[in-house]
Amino acid sequence: VGVGRVTGNAFYVPGMKVEEGGTFIEFFGAKKAIDGSREAFGNGYGPGVSQDLPAGDYVLRATVGGAMGEAPFSVKVGELTEASVVLNAGRRLRGQ
């Protein structure tokens, strides 16, 4: 079985990447079990979390504070996949 590599990122809104290290990125298999759960394939904190995965279909989940979003992506053998999710969330400014 060949593998590819995925790098996961989150965006507050299109074009506004989350750069803080408090971003929690998770990689799941796309297929859901009968109970609605998915197989976990890895996770990490910060922008640009990378993971080697077997070729196939997956879901990227990103959580920043109280905002969470998911987006599907596919991995191909020997290729780098850039996966991202738009959280449609605002950014809190210091002091507010």
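**Note on the predicted model: salt bridges, sheet and core**

1. Glu26 counts as buried, at 14% relative accessibility. The model under discussion is a predicted one, and every value below should be read in that light. Glu26 serves as the starting point of this note because its relative accessibility of 14% falls under the 20% limit for a buried residue, although its side chain carries a salt bridge to Arg61.

2. In the pair formed by Glu26 and Arg61, the closest N and O atoms are 3.9 Å apart. Glu26 belongs to strand β3 and Arg61 to strand β6, so this salt bridge ties together parts of the chain that are 35 residues apart in sequence. Arg61 is partly exposed, with a relative accessibility of 22%.

3. Arg61 also meets the side chain of Glu70 in a salt bridge, with 2.7 Å from N to O. Glu70 counts as partly exposed, at 36% relative accessibility. Which residues make up the network of salt bridges around this pair? Glu26, Arg38, Arg61 and Glu70 are the residues linked in it.

4. The whole structure contains 4 salt bridges. One of them joins Arg5 and Asp52, whose closest N and O atoms lie 2.6 Å apart. Since Arg5 is in strand β1 and Asp52 in strand β5, the pair ties together parts that are 47 residues apart in sequence. Arg5 is partly exposed at 36% relative accessibility, and Asp52 is likewise partly exposed, with a relative accessible area of 44%.

5. Turning to the sheet, 4 strands form an open arrangement in the order β4-β3-β6-β7, with antiparallel pairing. Why is one side of β4 and of β7 left without a neighbour in the sheet? Both β4 (38-45) and β7 stand at the edges and have a single partner strand each, so one side of each remains unpaired there. On average, neighbouring strands of this sheet are turned by 25 degrees against each other, with direction ignored.

6. Within that sheet, β3 and β6 pair in the antiparallel sense over 6 bridges. Ile25 has Ala62 of β6 as its bridge partner. In general, the strands of a sheet pair through backbone hydrogen bonds. The salt bridge between Glu26 and Arg61 links β3 and β6 as well.

7. The largest nonpolar core has 20 residues, and those with the most contacts inside it are Val6, Phe27, Leu60, Phe73, Val85 and Leu87. At least two residues of this core come from each of β1 (3-13), β3 (24-32), β5 (49-54), β6 (56-64), β7 (67-75) and β8 (80-86). Beyond residues up to four places away in sequence, Leu87 touches Ala10, Phe11, Tyr12, Val18, Ala62, Val64, Ala67, Met68 and Gly69.

8. Thr23 merits a separate remark. Thr23 is placed in the loop between β2 (16-17) and β3. Is this loop residue, Thr23, buried or exposed? Thr23 is buried, because its relative accessible area of 1% is under the 20% limit. Leaving aside neighbours within four places in sequence, the contacts of Thr23 are Ala10, Val18, Gly44, Tyr45, Gly46, Thr63 and Val64. Among these, Ala10, Val18 and Val64 are also touched by Leu87.

How values were computed. Residues are numbered from 1 along each chain as its sequence is written. This is a predicted model: local features need pLDDT of at least 70, side-chain atom pairs count only at pLDDT 80 or more; totals for chains, interfaces and linings use all residues. Side-chain values use heavy atoms; hydrogens and water are left out. A nonpolar core is a set of buried Ala, Val, Leu, Ile, Met, Phe, Trp, Tyr and Cys residues joined through side-chain atoms within 4.5 Å. Buried means under 20% relative accessible area, exposed over 50%, partly exposed in between (1.4 Å probe, protein chains only). Contact means heavy atoms within 4.5 Å. Two strands pair if DSSP finds at least two bridges between them. Axes are lines fitted to C-alpha atoms, for helices over the stretch in contact, and angles run from 0 to 180 degrees between N-to-C directions.
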